[in-house]
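The following exchange concerns aromatic contacts and the reasoning behind the terms used for them.

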Amino acid sequence: MNTREMFAKAIKGGYAIPAFNFNNMEQLQAIIKAAAETKSPVILQVSKGARNYANQTLLRYMAQGAVEYAKELGWEHPQICLHLDHGDSFELCKSCVDFGFSSVMIDASSLPYEENIALTKKVVDYAHQYDVTVEAELGVLAGVEDEVSSAVSHYTKPEEVVDFATRTGCDSLAISIGTSHGAYKFTPEQCTRDPKTGKLVPPPLAFDVLDAIMEQLPGFPIVLHGSSSVPQEYVDMINQYGGKLPDAVGIPEEQLRKASESAVCKINIDSDSRLAFTAAVRKVFAEKPGEFDPRKYCGPARDLMEELYKHKIINVLGSSGKAE
Ligand SMILES: [Zn+2]
């Protein structure tokens, strides 16, 4: 399904839909098991990097298989959307629409304002013919994610959002209010340190900017990218078993919970599952150096990701039970 109804219900209900990226079978299984068990609507995201890694044909049929798998797990009416994350050209978005995606993102946020509008509108005009919803982006997020990277961030300007949404016809808008891509969302210089634990405390999200945007566009679906929390338990596990992730820091879950209650109706989480996967694999490698069956380390990785997804759905986004 596309995102139209999902988002309308999420805004009304004060929760957000999880958008989880997937690149392989174990990740997809974990996402579907978590969504089916909690009866949460879910957005499966495919990035350009995932398409290059796993092949777009394979990913598309995996997503289709995931719907059947969800039913097999006892989820009678699965609410699953297949979404292109960070489409960077009309051709890429068109190819995903033609290929059966139910939603696409056109990210022209790095272009000048008028060019962003023109390209977004072109994608919207095409996608809407097939009832495919379109996410656009205004403002720039810092950080690195697959092929998307920026050294600096610019908050979305609330005075631009009405003009942008009206002229493009986009269905949802990704905004920049201080979230960031990747596992290193903030430099230690941008953070303060908790005097008790010595851990980094990131700067808070700009809820004033979010409020100003919502005032301009009442009830319009807002999307947050770069919203992994970088759970310290996974970072510690990775470091304990031979990894090296010093000072990785994410968005505190209380802030995402607060955002979920507003017009923010889609929250993107990718890095957290990468961390869970890596932590579980490292643990097996460290504790059982003789192990060489991939199922013996991908299996625990899948279990840990499923636990993570369920936690996000139930405790952070509040979307459990919303797709009975
Ligand atoms: Zn993103």
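Q: What does buried mean here?
A: Buried means under 20% relative accessible area. The model to which this is applied is a predicted one.

Q: Why is F90 called buried?
A: The relative accessibility of F90 is 14%. The cut-off is under 20%, so F90 counts as buried.

Q: How many aromatic pairs does a search of the whole structure find?
A: The search finds five aromatic pairs.

Q: Why is the pair of F90 and Y126 called edge-to-face?
A: The ring centres of F90 and Y126 are 5.8 Å apart, with 80 degrees between the planes. Pairing requires centres within 6.5 Å and edge-to-face requires over 60 degrees, so both conditions are met.

Q: What makes this pair a tie between parts apart in sequence?
A: F90 belongs to helix 5 (residues 90–98) and Y126 to helix 6 (residues 113–128), so the pair ties together parts that are 36 residues apart in sequence. Y126 is buried, at 14% relative accessible area. Together with Y130, F90 and Y126 form one aromatic cluster.

Q: How do you know that F285 and Y297 form an edge-to-face pair?
A: Their centres lie 4.7 Å apart and their planes 65 degrees apart. The limits are within 6.5 Å and over 60 degrees, so the pair is edge-to-face.

Q: Why is F285 called partly exposed, whereas Y297 is called buried?
A: F285 has 43%, in between 20% and 50%, so F285 is partly exposed. Y297 has 17%, which is under 20%, so Y297 is buried.

Terms used:
Residues numbered from 1 in each chain as written. Predicted model: local features only at pLDDT ≥ 70, side-chain atom pairs only at ≥ 80, totals over all residues. Heavy atoms only, no water. Phe/Tyr/Trp six-rings, centres within 6.5 Å; stacked < 30°, edge-to-face > 60°. Helix = DSSP H or I, 4+ residues; strand = E, 2+ residues; numbered from the N terminus. Buried < 20%, exposed > 50% of the residue type's maximum accessible area, 1.4 Å probe, protein only.
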